[in-house]
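Trainee: I should like to learn how to read a model of this kind, feature by feature. Where shall we begin?

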Amino acid sequence: MCGIFAVIGSREVSSILGDGLRKLEYRGYDSAGIATIENLNNGQFGKLNIRKSEGKLINLTNLIKKKPPKGHVGIGHTRWATHGKPSEINAHPHLDFSGQIAVVQNGIIENHRTLSEKLQLQGIKFTSETDTEIIPHLISLEIEKSLDCGLSPNGQTLLTAVQKVLSILEGTYAIAVIWSQAPDTLLVARRQAPLVLGFGEGEFFCASDSPALVGFTRTFLPLKDNEVALLTPLGIELYDDFGNRQHRAPSFLKGTELFADKRNFRHFMLKEIYEQPETAQLWIDRFLPMDLPKDNSVALPISKSMLGKIEQIQILACGTSRHASMVGAYLLEQFAGIPTKVYFASEFRYSPPPLSPNTLTIGVSQSGETADTLAALRMEKERRDLTKDSDFSFHQLGITNRIDSSLSRELDNIIDIGSGIEIGVAATKTFLGQMLSFYGLTLLFASHTQKRSHQEISKLSDDLRLIPKQLTDLIKRHDSLSKEIAHLFVDTKDVIFLGRGINYPIALEGALKLKEISYIHAQGYPAGELKHGPIALLDQHVPVVSIAVPGLVYEKVLSNSQEAKARDARLIGIAPHGSESEIFDELFSIPKVSEWVSPLLTVIPLQLFSYHIAAHKGLDVDQPRNLAKSVTVE
Ligand code: AGP
């Protein structure tokens, strides 16, 4: 949520800020702004230049092109509104009462109300509705005190003031600050919101996410929690919470595909749907190659010593990642015999279950930056560390697509799903990558617990190896079919998705995808629940999408679908072609595969169905309203 990009060096920065923000637009796109300091009087002091605009970043970049603000130092921001509606006034940067200090922030300042009341009592007038605006005012007051004591207006004065202000802020934040009286200084800091520093040639950067640095530099250093950095054109000084100078070597950003392009696809989402066979093939090549040593069912980076200690698993995740986790929990329990529970990370933090012994906690997050998931994991670690009983130790595993994320830094064991950068806000290929990681864990635990025979484990592995080819066929067929029928659903207001067993989470995911990008209300249910209430909604205006895969609950799902059809609902089936599939008004046929691997295929038509309805409605598929790719506020 919200992207910060900042730079200091010896060349004009306004277009650099625009380029950096473009790579962060996925974090928020309701308004954007920049501030630069134009040097006056030989660099002794300067003048703040501000450009802001409501709406997509393109509005700001056009403004910058028309009236480029001068300056060799600048801060920029793309906003996802938390406090105050999207508007030019609420867009960052925010200024102090003297108009000399500019601040951009990502996060939430929880005690902003108390602080702003105090400031208003001192006569300070607020111009925006944001929680951020208190920060420049507070910094300004601290600077005034220092100047009154005879200190000079320079970077150190700004540093001291920022450190004092941070000590009274509650909540989570990443900030970047400039002050017109210290035109060769850029101050940045973070607490539980991401921020990385970039080391260029004669210039230094700061961004909410490392791929935003690509094109400027690949040498980067993530800021740790509660650290403050002072950047000048000559270098970076790093300080911890207590003001102690820190020294750490930067790292080199690997990977070529850090910033994707759309190729010939109309939207990133469609391109990413099409990339799924590749995601699956890469995953299989890495973790399930044919030449695995005999006693290894899968090549996951998990030590046997950790496996031996685990009796149960709890998974913390949000949104689509939670749906992938639910497929995982089904597999881990039903195939591998390990009791597994999935929690909404946002709920777990405030109502955790009683501590259970010998438990593996898995955090699942595509971005690796989701505040709810990170906070729940931290809380779980803390309460387990407190017991000091080794049975309750914190055994941890992260599943993410971002190896350079906070999740990867905070957890010792990570499965990198390796799906490649995903730009569309609606997760597609990373969902597949997350599910595949759970298949890997299932193979690992199943052979460890010996719940399954060697033949059953080999059969599952062989079925997984067929998935990339099956995905290729499916995507091609279902892309044209969903395009053909999309127009039938353009005026639809409600859709019900049904699934059972391992495909129940796919019904939830289908409903989430439709809601996110087409703004059609959709709800996923376990098919057996239909008759316990939701059936009251059904008539000819409420289509029902039913996932019916031969296996344990096939007949049951078909009967539940019949019940919907009897209420005049238009029935869309995700099922193999055959006499049973004749009940469906529209059929997205899938190959006859084992029920165990079916979610990897049944999700495809649901992604394409949502995509084409949204595209047909002319909606902004890649950046749907009110959403952001990385949800860094709780
Ligand atoms: C997915 O389409 C959504 N945009 C959203 O539900 C997402 O899955 C959720 O916010 C969790 O994100 P994460 O995987 O980055 O933690």
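Mentor: We may begin with the charged side chains. This is a predicted model, and the count of salt bridges in it comes to 23.

Trainee: What is the general idea behind such a pairing?

Mentor: Side chains of opposite charge can pair when their charged atoms come close. A case here is Arg402, which forms a salt bridge with Asp404; their closest N and O atoms are 3.2 Å apart.

Trainee: Is Arg402 buried or exposed?

Mentor: Arg402 counts as buried because its relative accessibility is 12%, and buried means under 20%. Asp404 also counts as buried, at 16% relative accessibility.

Trainee: Which salt bridge does Glu456 make?

Mentor: The side chain of Glu456 meets that of Arg452 in a salt bridge, with an N to O distance of 2.9 Å. Arg452 counts as buried at 18% relative accessibility, whereas Glu456 is partly exposed, with a relative accessible area of 34%.

Trainee: Where do Arg465 and Asp462 lie?

Mentor: Both Arg465 and Asp462 are in helix α14, which spans residues 454-485. They are three residues apart, about one turn of the helix, and their side chains meet in a salt bridge of 3.1 Å, N to O. Asp462 is partly exposed, with a relative accessible area of 40%, and Arg465 counts as partly exposed at 21% relative accessibility.

Trainee: Which residues are joined into one network by salt bridges that share partners?

Mentor: Asp209, Arg402 and Asp404 are joined in that way. Asp404 also has a polar contact to consider: its side chain makes one with the side chain of Ser210, at 2.3 Å. Ser210 is found in the loop between β10 (204-207) and β11 (219-222), and Ser210 counts as buried because its relative accessibility is 2%.

Trainee: What does the side chain of His478 have beside a polar atom of its own?

Mentor: The backbone oxygen of Ser589 lies 2.9 Å from a polar atom of the side chain of His478. His478 has its place in helix α14 and is buried, with a relative accessible area of 1%.

Trainee: Let us turn to the ligand. How many residues surround the ligand, and which are the closest?

Mentor: The ligand is surrounded by 15 residues, of which the closest are Ser321, Ser365, Ser367, Thr370 and Glu516. By character, the shell around the ligand divides into six nonpolar residues, seven polar and two charged.

Trainee: Which helices each supply at least two residues of that shell?

Mentor: Helices α9 (319-334) and α15 (504-518) each do so. At the level of domains, the shell draws at least three residues from each of domain 2 (259-465) and domain 3 (480-634).

Trainee: Which polar atoms of the protein lie beside oxygen atoms of the ligand?

Mentor: One reads such contacts by asking whether the protein atom belongs to the backbone or to a side chain. For Thr370, a polar side-chain atom lies 2.4 Å from an oxygen atom of the ligand. For Gln366, a backbone N or O atom lies 2.8 Å from an oxygen atom of the ligand. For Ala427, a polar backbone atom is 2.8 Å from an oxygen atom of the ligand.

Trainee: How much of the ligand does the protein bury?

Mentor: The ligand taken alone exposes 410 Å², and the protein buries 91% of that.

Trainee: Which backbone features should be checked last?

Mentor: Peptide bonds and phi angles deserve attention. The peptide bond from His92 to Pro93 is cis, with omega near 0 degrees, and Pro93 lies in the loop between β4 (73-79) and β5 (94-95).

Trainee: What phi does Gln450 have, and where does Gln450 lie?

Mentor: Gln450 has a positive phi of about 55 degrees although it is not a glycine. Its place is the loop between α13 (429-449) and α14, and Gln450 is exposed, with a relative accessible area of 67%.

Trainee: What phi does Tyr519 have?

Mentor: Tyr519, although not a glycine, has a positive phi of about 60 degrees. Tyr519 lies in the loop between α15 and β22 (521-526) and counts as partly exposed at 25% relative accessibility. Helix α15, on one side of that loop, is one of the helices that supply at least two residues of the shell around the ligand.

How values were computed: Residues are numbered from 1 along each chain as its sequence is written. This is a predicted model: local features need pLDDT of at least 70, side-chain atom pairs count only at pLDDT 80 or more; totals for chains, interfaces and linings use all residues. Side-chain values use heavy atoms; hydrogens and water are left out. A residue is near a molecule or strand if one of its heavy atoms lies within 4 Å of it. A polar contact is a pair of N or O atoms within 3.5 Å; within protein, one must be able to donate a hydrogen and the other to accept it, and residues adjacent in sequence count only if both atoms are side-chain atoms. Accessible areas come from the Shrake-Rupley method with a 1.4 Å probe; for residues, only the protein chains shown count as cover. Helices (H or I, at least four residues) and strands (E, at least two) are DSSP runs, numbered from the N terminus. Ala, Val, Leu, Ile, Met, Phe, Trp, Tyr, Cys and Pro count as nonpolar, Asp, Glu, Lys and Arg as charged, and the others, Gly among them, as polar. Domain bounds come from an automatic or database domain assignment. A salt bridge is a side-chain nitrogen of Lys or Arg within 4 Å of a carboxyl oxygen of Asp or Glu. Buried means under 20% relative accessible area, exposed over 50%, partly exposed in between (1.4 Å probe, protein chains only).
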